Amino acid sequence: MCQETKVGIIGLGSYLPKRVLTNQDLEKMVDTTDEWIVTRTGIHERHIARPDEATSDMAVEAAKQALADAGLKAEDIDLIIVATITPDMFFPSTACLVQHKLGCRHVPAFDISVACSGFVYGIAIANQFISSGVYRHALVIGAEKLSSVTDWSDRGTCVLFGDGAGAAVLGPVNSGGIVSVYLGADGSKGDLLNLPAGGSKLPASKKTVEDKLHFIKMNGAELFKHAVKIMADAALEATKPLNLKAKDIDLVIPHQANLRILMAVAKRMGLSEDKIYLNIDKYGNMSAASSAIALADAVKEGRIKKGNKILLDAFGGGLTWGAIVIEW
Ligand code: UT7
């Protein structure tokens with residue numbers, strides 16, 4: 001019988017556009033205050049891409065770093081997955097554009113639309129292909145240009161989002177690696193967070209533009225409740241098969257939706273707050289890019305050491321969710 005290959009993250013990279021939009025800048029754009037944004041979300045500033053900078057451009061920069069970190073070249077990659085809800089265009093996929101821009105071989109490349117849980121889903125998919133021996137090295141990227149689908153006159157959403165990209169190279173490892181994966185979705189609550197127009201149901205028209213239906217619509221208060229329960233439950237589901245207790249987790253890398261959500265998740269899990277990695281203050285919510293960049297930053301800052309047990313934990317539109325335990 002063939003032995004399953006152990007799979008780990010062997011390289012990480014991230015990219016943030018240069019322009020920083022502060023809460024003080026937003027005070028001049030909509031009826032809001034720095035105090036409201038900080039106390040309700042934990043966000044101080046976020047990065048915004050240039051008009052000519054597309055999701056694939058940010059993805060490529062993050063991917064180059066991840067490849068260098070892994071000591072690999074573009075031609076070593078066997079599979080490319082890009083998690084995004086802000087692709088450059090409907091098709092070709094952003095993953096195909098990334099494949100070309102990076103100079104990869106003609107390897108499989110596809111996007112996944114899983115909103116904020118996209119990076120976690122991408123890692124889970126790549127893990128399957130590598131552990132089964134089909135491929136050796138996969139590039140998983142979470143990249144978003146949320147500023148392109150943000151209604152900059154809606155204070156309920158425009159203060160939350162930012163742009164960026166994070167990338168991971170996955171490959172065989174001798175020990176540890178990905179030890180547990182739990183994914184889920186609930187399509188009945190899709191209307192809590194969506195972008196209504198531009199698809200086959202409501203194609204782009206003068207009216208859809210006038211009605212601002214090409215922007216993110218969100219029922220924040222309702223999502224908040226689901227996020228706390230679902231992220232805590234997902235963490236439990238991923239750790240249960242390993243008999244891990246909250247105290248055994250060295251660091252949680254959560255999707256950065258809202259500081260209050262993350263503190264409530266920590267409380268529900270019985271975890272001390274310092275075990276939750278946070279960078280929402282600097283970047284806001286970058287959907288699929290959030291957990292990818294958080295993981296890259298945590299490693300860069302020395303917060304993750306060899307042998308640590310790391311929990312990726314994400315929740316997003318769909319609804320979707322996912323949690324993964326990695327022995328570093
Ligand atoms: O990425 C994964 C999916 N996303 C999430 O999980 C997001 C989850 N939700 C949230 O993070 C929070 O619900 C928000 C940060 C979006 C909103 O915070 P909240 O504490 O739930 O506020 P709220 O929506 O209940 O609004 C409270 C008040 C309202 O005013 P009234 O009706 O009480 O007079 C809003 O109009 O705050 C008002 N408000 C604002 N005031 C100043 C909403 N946005 C703003 C703003 N500045 N930017």
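Let's start with a strand pair. Strand β8, residues 177-185, and β13 pair in the antiparallel sense, over eight bridges. Keep in mind that this is a predicted model.

Two places show how the pair lines up. S180 stands opposite V325 in β13. Y182 stands opposite A323 in β13.

Now β13 itself. It runs over residues 320-327, and seven of its eight residues are buried. So what else does β13 pair with? Strand β12, residues 309-316, is joined to β13 by eight bridges, and the two run antiparallel. Look at D313: its bridge partner in β13 is A323. We just met A323 opposite Y182.

How do we get from β12 to β13? Through a hairpin with three residues between the strands. Look for G318 there. G318 takes a positive phi, near 145 degrees.

Next, the other neighbour of β12. Four bridges join β11 to β12, and these strands run parallel. Here D313 comes back: it is the bridge partner, in β12, of P254. A general reminder: strands of a sheet pair through backbone hydrogen bonds, either parallel or antiparallel.

Put the strands together. We have an open sheet of four strands, in the order β8-β13-β12-β11, with mixed pairing. Which strands are at the edges? β8 and β11, the latter being residues 251-254, and each pairs on one side only. From one strand to the next, the twist averages 15 degrees.

What packs on this sheet? One helix is α8, residues 220-239. α8 touches β8, β11, β12 and β13. Its direction makes about 145 degrees with that of β12. Another helix is α11, residues 288-300. α11 packs on the sheet too, touching β11 and β12. The direction of α11 makes about 145 degrees with that of β11.

Back to the edge strand β11 for a moment. In general, side chains in a regular strand alternate between the two faces of the sheet. In β11, L251 and I253 are on one side, with V252 and P254 on the other. Buried or exposed? All four are buried, so both faces of β11 are covered.

Now leave the sheet for a helix pair. Packed helices are described by the angle between their axes and the distance between the axes. Take α3, residues 55-70, and α4, residues 94-102. Their axes come within 9 Å and cross at roughly 55 degrees. That makes α3 oblique to α4. The crossing is right-handed.

Which residues meet? From α3, we have T55, S56, D57, A59, V60, A63, K64 and L67. From α4, we have T94, L97, V98, K101 and L102. By type, the residues of this contact divide into seven nonpolar, three polar and three charged.

One last stop: K206. You will find K206 in helix α7, residues 206-210. Buried or exposed? K206 is exposed, because its relative accessible area is 66%, and over 50% counts as exposed. How far is K206 from G166? They are 40 residues apart in sequence and 35 Å apart in space, C-alpha to C-alpha.

To recap the sheet: the order is β8-β13-β12-β11. The helices packing on it include α8 and α11. Elsewhere, α3 and α4 make a right-handed crossing. Thanks, that's my tour.

Conventions:
Residues numbered from 1 in each chain as written. Predicted model: local features only at pLDDT ≥ 70, side-chain atom pairs only at ≥ 80, totals over all residues. Heavy atoms only, no water. Axes fitted to C-alpha atoms, helices over the stretch in contact; angles between N-to-C directions. Parallel < 35°, antiparallel > 145°, perpendicular 65-115°, else oblique. Left-handed = near helix turned anticlockwise from the far one by under 90°. Contact = heavy atoms within 4.5 Å. Nonpolar A, V, L, I, M, F, W, Y, C, P; charged D, E, K, R; others polar. Buried < 20%, exposed > 50% of the residue type's maximum accessible area, 1.4 Å probe, protein only. Pairing = 2+ DSSP bridges.
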